[in-house]
Amino acid sequence: MLDTQSNLAQTYQALGYTKKSRSLKEKALSLQQDVYSGYLKLYGNEHRGTCLIAENYALTLMDLGRFKEAKRVMRQTIPAAQRVIGANHVVTLKIRWCYAEALYKDDCAKAIEYLAQRGDERGRSRPAQPLPLLEHRGVPLLKPNTKKAP
């Protein structure tokens, strides 16, 4: 039954991609959430099938812009996938790639929203100069410019 629901969810997801229909993607998400929950109850987190289902579920979450939820699912799945199917298995690598993409897109979405708000405050559709990202989660990305101008 869960496999059939999973296949149906993937079909809805594929139709959502071709038709750009959010309602089909939401329907796919609902099914995938049920399937993921069912796999967790039946097999637990330490099962190959659960890892595969988690990946599909997370991809749908990301497609709908629900990056925080997708990151939560993948943070739970990555260690289990590394133990169950191996750190270098294609599924584990795809889950890790998906997690990295969710981190990137979530942070970019926040930055874009901030810049759009800043542009609106100035009466423009976008800000004149984008702000550089100086740190990520407390880790400096750029060294501050300590040279004095001549």
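Which residues of the largest nonpolar core touch the most other members? Some notes on that and a few other spots follow; bear in mind that this is a predicted model.

1. **The core and its hubs.** The answer is a group of four: Met62, Val73, Met74 and Ile95 touch the most other members of the largest nonpolar core, which has 24 residues. As for where the core comes from, at least two residues each are supplied by helix 2 (22–43), helix 3 (48–63), helix 4 (67–84) and helix 5 (90–121). Helix 3 is the top contributor, giving 7 residues. As background, nonpolar side chains tend to be buried together in soluble globular proteins.

2. **Met74 up close.** If you want one residue to click on, try Met74. Setting aside residues up to four places away in sequence, Met74 touches Ala58, Met62, Ile95, Cys98, Tyr99 and Ala102. Two of those names, Met62 and Ile95, are listed with Met74 among the residues that touch the most other core members.

3. **Cysteines.** How many disulfides does the model have? The count comes to 0. Cys51 has a relative accessibility of 1%, so it counts as buried. Cys98 is buried too, because its relative accessible area is 3%, under the 20% cut-off. Cys98 is also one of the residues that Met74 touches.

4. **Arg96.** This one sits in helix 5. Is Arg96 buried or partly exposed? With a relative accessible area of 40%, Arg96 falls between the 20% and 50% cut-offs, so it is partly exposed. Leaving out neighbours within four places in sequence, Arg96 is in contact with Ile78, Gln82 and Ala87. For a distance to check in your viewer, take Arg96 and Pro79: they are 17 residues apart in sequence, and their C-alpha atoms are 10.0 Å apart in space.

5. **Aromatic pairs.** The model has 2 aromatic pairs. In one of them, the ring centres of Tyr39 and Tyr43 are 5.2 Å apart and the planes are at 50°, so the pair is tilted. For the angle, the reasoning is that planes under 30 degrees apart would count as stacked and over 60 as edge-to-face, so 50° lands in the tilted class. Both tyrosines lie in helix 2, with their positions 4 residues apart, about one turn of the helix.

6. **Two tyrosines, two environments.** How do the partners compare on burial? Tyr39 counts as buried, at 8% relative accessibility, whereas Tyr43 counts as partly exposed, at 43%.

Conventions. Residues are numbered from 1 along each chain as its sequence is written. This is a predicted model: local features need pLDDT of at least 70, side-chain atom pairs count only at pLDDT 80 or more; totals for chains, interfaces and linings use all residues. Side-chain values use heavy atoms; hydrogens and water are left out. A nonpolar core is a set of buried Ala, Val, Leu, Ile, Met, Phe, Trp, Tyr and Cys residues joined through side-chain atoms within 4.5 Å. Buried means under 20% relative accessible area, exposed over 50%, partly exposed in between (1.4 Å probe, protein chains only). Contact means heavy atoms within 4.5 Å. A disulfide is a pair of cysteine sulfur atoms within 2.5 Å. Rings of Phe, Tyr and Trp (its six-membered ring) pair if their centres lie within 6.5 Å; planes under 30 degrees apart count as stacked, over 60 as edge-to-face and the rest as tilted.
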